[in-house]
Amino acid sequence: MRATAITAMSLLLAASLTAAPAATAATVTGGPSAGTSAPAPANTASGSVSAAATAQDYASIFTGADANLNGSGWSACPAPIEWTVDTQGLTSAQADTQIAHLTWAFGQWSQVSGLTFTFAGIEPLTYDDTAFALSPADGSPAQLHHIYLDFVSTGQSTRLSGSTVGLGSPTQVMASSKEIVAGDAVFRTDHVKRAHTKELRSLYLHELGHVLGLAHASASANVMFPIVKAKVSLGSGDVNGVRAMTKPCAA
Ligand SMILES: [Zn+2]
């Protein structure tokens, strides 16, 4: 756990979550085009994965990390939640494409959760791989009620290696209300440049699910299944999970 002092808001539990790669890594299945391989998850060693997503097939990303924060989620208020992205390493056309896919992925989560998101622009960011933290490159403090996204090369990260092509996590949580108020996700540039639309959308759905507080699901019908393929519709576990964790607006 990191212990970052948040003096401005005493209610904030500072960065209580480390982005454990085991819990947040998205992997892609191997294929000649992807050039990666993903190990079978421990719970699907037989290779016979249940295709049906059950309603209960979700978990909080805080399970096992901090029991007091189990079930934490974003609040529907204040709205909308802003997101910015650093498109370093991408051409302008590639950046436009990824922003469109990310906008789509935020929209999918919005439709089922009631959370609203708005793209606030391209923003140069600094990525701290050790702490798993994104912050504005101009030195200004990271904003709350904000999600930072970045494209990272394998040379910038020891976390994004092998079959791991994306990482996502909440980064700030208010302990009293179990409200997530900040989150980050990073995507591996080399994968993004060669992946198909469905692979990209599936990856973005998955990592944003982590940012929204979801851990991995056990059934492949959920986008929170740890191996990202090309699933571009949320499963029942995904939907019920985000609904269970999202905090309504205060009356
Ligand atoms: Zn994951």
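What follows is a conversation between a student and a tutor about helices, strands and peptide bonds in a predicted model.

Tutor: Residues are numbered from 1 along each chain as its sequence is written. In this predicted model, local features need pLDDT of at least 70 and side-chain atom pairs count only at pLDDT 80 or more, while totals for chains, interfaces and linings use all residues.

Student: Why are helix 2 and helix 5 called roughly perpendicular to each other?

Tutor: The axes of helix 2 (residues 92–113) and helix 5 (residues 236–245) come within 9 Å and cross at roughly 65 degrees. Angles under 35 degrees count as roughly parallel, over 145 as roughly antiparallel, 65 to 115 as roughly perpendicular and the rest as oblique, so helix 2 and helix 5 are roughly perpendicular. The axes are lines fitted to C-alpha atoms, for helices over the stretch in contact, with angles from 0 to 180 degrees between N-to-C directions, and helices are DSSP runs of H or I with at least four residues, whereas strands are runs of E with at least two, numbered from the N terminus.

Student: Which residues of helix 2 meet helix 5?

Tutor: W109, V112 and S113 in helix 2 meet V239, V242 and R243 in helix 5, where contact requires C-beta atoms, placed from the backbone, to lie within 7 Å.

Student: What makes helix 2 and helix 4 oblique to each other?

Tutor: The axes of helix 2 and helix 4 (residues 197–211) come within 9 Å and cross at roughly 50 degrees. That angle belongs to none of the three named ranges, and helix 2 and helix 4 are therefore oblique. Among the residues that make this contact are H101 and L102 of helix 2 and T197 and L200 of helix 4.

Student: How do you know that strand 4 and strand 5 pair?

Tutor: Two strands pair if DSSP finds at least two bridges between them, and four bridges join strand 4 (residues 81–86) to strand 5 (residues 117–122), which run parallel. One of the bridge pairs is I81 with F117 in strand 5. The chain crosses from strand 4 through helix 2 to strand 5 in a right-handed β-α-β crossover, meaning that, with the strands pointing away from the viewer, the path from the first strand over the helix to the second runs clockwise.

Student: Where are P78 and P80 placed, and which peptide bonds are cis?

Tutor: P78 is in the loop between strand 3 (73–74) and strand 4, and P80 is in the loop between strand 3 and strand 4. The peptide bond from C77 to P78 is cis, with omega near -5 degrees, and a cis peptide bond joins A79 and P80, with omega about -10 degrees.

Key. Two residues are in contact if their C-beta atoms, placed from the backbone, lie within 7 Å.
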